[in-house]
Amino acid sequence: MLVAATVAQRVVFSSGSQIPSSVSVGGVGDVDGDGRPDFILGKPLVSRVASQAGSATVYSGATGMPILTILGTNPYGRLGTSVAIGPDLNGDGHCDPVVGAPGPSFSPGHVRIHSGVTAALLADLSDGTDEFGRVAFAVVPDQWMPMCVL
């Protein structure tokens, strides 16, 4: 786990102006199946698809190279406000990224679970409030951990 943390620090702090002032970092789980824990970096203010739609990128804990990127598509959705690498929820042997997207004020926020292999949306959770998806979270249910390479 120390290796992933060290690589995460290099990626976050060496990217300079490429990293927006608002970021979130999470892990630990093996998304790419190499036996090493990986980490996820959320950038909720990124505007690649729409204004402040956000993004989340999973990085290799071994190399620091990007493995998978999830792009928000909703304007001001701020996907990546909170991030975690969850257990293997779809049974493919890879941990799955979990990303918060609180959305614009007075709109329902979301927590989205994506495939760690394809980035396909596996689940979209919301409680109907605009705070949902804003607060940091961790996904570590004991019954799921054996399905995920840690």
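**Notebook: strand 6, the core and a cavity**

I looked up A101 and found that it stands opposite H110 in strand 7. The model is predicted, so I read every entry below as a property of that model.

*Strand 6 and its neighbours.* Strand 7 covers residues 110–114, and I find it paired with strand 6 in the antiparallel sense over four bridges. I then turned to strand 5. Strand 5 and strand 6 also pair in the antiparallel sense, over five bridges. Here I noted one bridge by name: I85 has P97 of strand 6 as its partner.

Next I asked: how many of the six residues of strand 6 are buried? Six of the six are, and I logged the strand as mostly covered. I checked the two faces separately. On one side D96, V98 and G100 are buried, and on the other P97, V99 and A101 are.

*The core.* I looked up the largest nonpolar core. It holds 13 residues. The residues with the most contacts inside it are I40, A56, V58, L79, I85 and V99. I wanted to know which strands supply at least two residues of this core. I found strand 3 (55–59), strand 4 (66–71), strand 5 (82–86) and strand 6 (96–101). A general note for the margin: in soluble globular proteins, nonpolar side chains tend to be buried together.

I followed L79 further. Leaving out residues up to four places away in sequence, I list among its contacts A56, I70, V99, A101 and R112. L79 also touches K43, P44 and A53.

*The cavity.* I count one cavity of 30 Å³ or more. The volume of the largest cavity is about 40 Å³. Which residues line it? I wrote down A53, G72, T73, N74, G77, L79, A101 and R112. By type, the lining divides into three nonpolar, four polar and one charged. L79 thus enters my notes twice, among the core residues with the most contacts and in the cavity lining. A101 lines the cavity and is buried in strand 6.

*Positive phi.* Most residues other than glycine have a negative phi. I noted two with a positive value. Q52 has phi near 50°. I place Q52 in the loop between strand 2 (38–43) and strand 3. A119 has phi of about 70°. I place A119 in the loop between strand 7 and strand 8 (121–125).

Are these two buried or partly exposed? Q52 is partly exposed because its relative accessible area is 27%. A119 is buried because its value is 18%, and the cut-off for buried is under 20%.

Terms used: Residues are numbered from 1 along each chain as its sequence is written. This is a predicted model: local features need pLDDT of at least 70, side-chain atom pairs count only at pLDDT 80 or more; totals for chains, interfaces and linings use all residues. Side-chain values use heavy atoms; hydrogens and water are left out. A nonpolar core is a set of buried Ala, Val, Leu, Ile, Met, Phe, Trp, Tyr and Cys residues joined through side-chain atoms within 4.5 Å. Buried means under 20% relative accessible area, exposed over 50%, partly exposed in between (1.4 Å probe, protein chains only). Contact means heavy atoms within 4.5 Å. On a 1 Å grid over the protein atoms alone, a cavity is a set of points where a 1.4 Å probe fits but cannot get out, and a pocket is an open set with protein on both sides within 12 Å along at least five of seven lines; lining residues have an atom within 4 Å of a point. Grid points are joined across faces, edges and corners, and a volume is the space filled by probe spheres set on the points. Ala, Val, Leu, Ile, Met, Phe, Trp, Tyr, Cys and Pro count as nonpolar, Asp, Glu, Lys and Arg as charged, and the others, Gly among them, as polar. Two strands pair if DSSP finds at least two bridges between them.
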